[in-house]
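Q: Got a minute? I have a structure open and want to talk it through.
A: Sure, let's see it.

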Amino acid sequence: MLDFGNGTTIKFWEVPADKYAKTSGVFIQYQDKNGTEYSYINYKMTIDTIVTRYLLYDTIEIE
């Protein structure tokens, strides 16, 4: 979980491949400072991709 310090957070969970999605992905949940949540599953990225981009490039671009 990333806490932005102003009441907003973003959480990531790994989504394993299954019979419907042939590749693994990542579940992303964002909560704004008012408590509104936005979430979706991205099958074009993985937890490893997000960690690598954040650590190496200090940026995460959701595809």
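A: One definition before we start: two strands pair if DSSP finds at least two bridges between them. By that rule β1 and β2 pair, with two bridges joining them. They run antiparallel.

Q: Is this an experimental structure or a predicted one?
A: A predicted model. Keep that in mind throughout.

Q: OK. How many helices and strands are in the chain?
A: One helix and four strands.

Q: And what pattern do they follow along the sequence?
A: It reads β-β-β-β-α. The strands come before the helix in that pattern.

Q: What order do the strands take in the sheet?
A: The order is β1-β2-β3-β4. It is an open sheet of four strands, with antiparallel pairing.

Q: Which are the edge strands?
A: β1, residues 2-3, and β4. Each of them pairs on one side only.

Q: Back to β1 and β2. Which residue stands opposite T9 in β2?
A: D3 does.

Q: What links those two strands?
A: They form a hairpin, with five residues between them. G5 sits in the turn and has a positive phi of about 85°.

Q: Now the middle of the sheet. How many bridges are there between β2 and β3?
A: Seven. β2 covers residues 9-15 and β3 covers residues 25-31. They pair in the antiparallel sense. At one position, V15 stands opposite G25 in β3.

Q: How about β3 and β4?
A: Six bridges, again in the antiparallel sense. β4 runs over residues 37-42. Here Q31 stands opposite E37 in β4.

Q: Which residue takes a positive phi in the hairpin of β3 and β4?
A: G35, with a phi near 95°. That hairpin has five residues between the strands.

Q: Where does D32 lie?
A: In the loop between β3 and β4.

Q: Is D32 buried or exposed?
A: Buried. Yet D32 has no salt bridge. The nearest side chain of opposite charge is K33, 8.7 Å away.

Q: So what does its side chain lie close to?
A: A polar atom of the D32 side chain lies 2.9 Å from the backbone nitrogen of T36.

Q: What else is D32 in contact with, leaving aside neighbours within four places in sequence?
A: G7, T8 and Y38.

Q: Let's switch to aromatics. How many aromatic pairs does a search of the whole structure find?
A: Two. One of them is W13 with F27, and it is tilted. The centres are 5.2 Å apart, with 55° between the planes. The pair links distant parts of the chain: W13 is in strand β2 and F27 in strand β3, 14 residues apart.

Q: Why give both a distance and an angle?
A: Because a pair of aromatic rings is described by the distance of the centres and the angle of the planes.

Q: Why does F27 count as partly exposed?
A: Because its relative accessibility is 25%. Buried would need under 20%, and exposed would need over 50%.

Q: And W13?
A: W13 counts as partly exposed too, because its relative accessibility is 39%.

Q: Which residues does F27 touch, not counting those up to four places away in sequence?
A: K11, F12, W13, V15, S39, Y40 and I41.

Q: How far is F27 from L2?
A: Their C-alpha atoms are separated by 14 Å. Along the chain they are 25 residues apart.

Q: New topic: N42. Where does it lie?
A: In strand β4.

Q: Why is N42 called buried?
A: Because its relative accessible area is 5%, and buried means under 20%.

Q: What does the side chain of N42 reach?
A: The backbone nitrogen of K44, at 2.7 Å. The backbone nitrogen of M45 also lies 3.3 Å from a polar atom of the N42 side chain.

Q: Last bit, the whole chain. What does the C-alpha trace span?
A: About 40 × 30 × 15 Å along its principal axes.

Q: What share of the residues is buried?
A: Buried residues make up 21% of the 63 in the chain.

Q: And long-range contacts?
A: Take the contacts with a separation of 6 or more. Residues 24 or more positions apart account for 16% of them.

Technical notes:
Residues numbered from 1 in each chain as written. Predicted model: local features only at pLDDT ≥ 70, side-chain atom pairs only at ≥ 80, totals over all residues. Heavy atoms only, no water. Buried < 20%, exposed > 50% of the residue type's maximum accessible area, 1.4 Å probe, protein only. Lys, Arg positive; Asp, Glu negative; His and termini not counted. Salt bridge = Lys/Arg side-chain N within 4 Å of Asp/Glu carboxyl O. Polar contact = N/O pair within 3.5 Å; in protein donor to acceptor, adjacent residues only side chain to side chain. Contact = heavy atoms within 4.5 Å. Phe/Tyr/Trp six-rings, centres within 6.5 Å; stacked < 30°, edge-to-face > 60°.
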